[in-house]
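Q: I'm new to reading structures and would love a close look at one small part. Could you pick a spot where the backbone does something unusual and walk me through it, then show me how it fits with the rest?

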Amino acid sequence: MYIRVHVLIPVLVVVLFLIGERAAFAYVDPGTGSLLYQTALTMVLGLGLVFRRVRVSIAEFVKRLASRKR
Amino acid sequence: MTRRLVISAWLGHGLAALFFYPLAVALSTDIYYLQWQTADAIETAAALALLASPCAAVVFWAWPRSSRAAHGTLALLSAVPLASFAAGVSRQLPFQRTLIAAGETGALGLVLSAGIALAAVLALVIRPAAFGRVLRRLLVVVSPVSLVVLTTLALSVARTDAAVRIDREPVAAGMTPRICAPVVALLFDELSFHYVYDRDDQIRPELKALSQFGSDATHYLSVSAPGRETLDALPSFLAGRRVREIEVRDEGLMERGPESELLSFDASRPDGLFGTARALGFTTEVGGYYLAYCDLLDPVVDVCRSRSFYNVSAAGEFSAVDPIRTTLVLWPRQSPFGLLKHPAFARHQRGMVEDLTAFARRPIRKQPPVFRLVHFSIPHLPFVYDGDGYDPPVDPLRTTSDEEYARQVRYVDRLIGELLSEWRRAGVYDEATIVVLADHGYRFGGRERDPLQIPFIVKRAGQRQRAEVRAERQGETLLKDILEGACRVPEPGGAR
């Protein structure tokens, strides 16, 4: 039950906001753009703040990149 | 304590920034439509600071507490920023059109949002500790998105160069001595021919001001719009020629050239509507919304007012509330978003109409004569007016019925009546040429039979009789012809 509630709420929230989208019926919908990549990247950073394993993975990834450059 | 302070400050500003995420997305890709000013960026920074402080205070209180009240307060505080963030993300998804189609089921949004609220409440009641932990983790995960919002906002300052207001002394640039009557063109966005006229090509009796105006005016009954949408139609009117295709880029409008290449669109050419007006010796005035009129026509207009359809901020008025309202205007229209979007959008429509009406009401200059074009944002949605004035329905963006549109057309009639009465009282009505026209027809069915047929009514200086012209004309060239027709070369010897 704990895991179900734990997972269910964020999933439902995402589903609601995605399915709920509707055209503004104006000429354009400003914002059909591309901040997604930057947003996703910062959220990975956010995951790093919460989960130690993600933090370690990010650190290892950066180390690997640095050693390749050398 | 220090850690708690840092967390509160970080999450407080993060929640405030998340709310402005849809605005950041619009700034990154559609800044032209926002007619963004440095003052708008400053307003947004002020709004962000204003929202961040109470958010930080609430987080400071709730963060270390494990009671249901603390979790619930944190959830309530986060709900709107998270919703705003989700709305901004959903706009960028590649399968957005599918989502839009799915979202057309009106009840779905309500049922789902009610379901989610219920699930959240149940989780809070049954498993408060887990609820609190998940919520806190979620907030920390999304909080760095604030960096994207702040960066986009900061970068927007470097891209703010759209002029939205021009007031300069008239420049006399007449090519030959002419005597011209003042010309005022009132262009109503999406005013449908078939909602103005009945099947016998008579103005519908419920539109009393238009009927009275039309009784001593010329009715052009076969005028084609230059495009189905404002973005295509208005540039053609400004250029005085049919523009093939318009695209919006950061640097402004582009038009499709003869070999399908993209060229910078120039509305200020000498053969354009306002270039022609200047050459004839008119002082030139334009007021409108949606297009960046002052930017487009800067070299050839003396007075200009331009409003964005999406950015509620008005030039010269500082308000930290405006960026909040702009963000709400940028939200999706469906429930539950619509509950906050609709009032903000309705109020913005009223603001635009009031501004443009005030602009239209400016005194009509006879010497030198004025050419004034006013592009009104009605009867285009949001539908917030009826014949008696501002009276927004619950959903002013509803197009499943044409009832709200028809109500707003009645307000257009009232507005025309008020303007004409004022000009009659001022003694300029008879001596001026007045044009009532539209950029295109109604796009959502109803009584509309051809959205490319537009009403085009012209009362020339001194005209006393109704006339009809059934020959096919193109709106953009007809308007330029009317302007030129308002002038004549003086007779030799100075007689007028």
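A: Let's zoom in on B:Q35, which sits in the loop between α3 (31–34) and α4 of chain B. Keep in mind that this is a predicted model. The thing to spot is the backbone angle: phi of B:Q35 is near 45 degrees, a positive value in a residue that isn't glycine. That's worth a pause, because most residues other than glycine have a negative phi. And is B:Q35 buried or exposed? It's buried, because it has 26 other C-beta atoms within 10 Å and 20 or more is enough to count.

Now hunt for a second case in chain B. Phi of B:E190 is near 70 degrees, again positive and again not in a glycine. B:E190 is in a loop too, the one between β3 (183–189) and α10 (193–196) of chain B. With 28 C-beta neighbours inside 10 Å, B:E190 also counts as buried.

Back to α4 of chain B, the helix after the B:Q35 loop. Helix α4 covers residues 38–62 and gives the most to the largest nonpolar core, with 10 residues. That core has 155 residues, and B:A24, B:L186 and B:L297 have the most contacts inside it. Domain 1 (2–157) and domain 2 (165–488) of chain B both give residues to the core, so it lies between them.

Pick out B:A24 and look at what it touches: leaving aside residues up to four places away in sequence, the list is A:L35, B:V148, B:V149, B:T152 and B:L153. Notice that A:L35 in this list belongs to chain A.

So let's hop over to chain A and its helix α2, residues 36–50. Its 15 residues reach 21 Å from the first C-alpha to the last, close to the 21 Å expected at 1.5 Å a residue. The buried residues here are A:T39, A:T42 and A:G46. They cover an arc of only 70 degrees around the axis, which puts them on the same side of α2(A). What do they pack against? Three helices of chain B: α5 (68–90), α8 (128–142) and α9 (145–157). The face turned away from that buried side carries the exposed residues A:Y37 and A:A40.

One last backbone oddity: most peptide bonds are trans. In chain B, though, a cis bond joins B:Q367 and B:P368, with omega about -15 degrees. You'll find B:P368 in the loop between α16 (338–360) and β10 (370–379). Another cis bond joins B:L381 and B:P382, with omega about 0 degrees, and B:P382 lies in the loop between β10 and β11 (385–386).

Notes
Residues numbered from 1 in each chain as written. Chains lettered and ligands numbered in written order. Predicted model: local features only at pLDDT ≥ 70, side-chain atom pairs only at ≥ 80, totals over all residues. Helix = DSSP H or I, 4+ residues; strand = E, 2+ residues; numbered from the N terminus. Expected span 1.5 Å × (residues − 1). Buried ≥ 20, exposed ≤ 12 C-beta atoms within 10 Å, placed from the backbone. Arc of directions from axis to C-beta. Contact = placed C-beta atoms within 7 Å. Core = buried A, V, L, I, M, F, W, Y, C linked by C-beta atoms within 7 Å. Domains from an automatic or database assignment.
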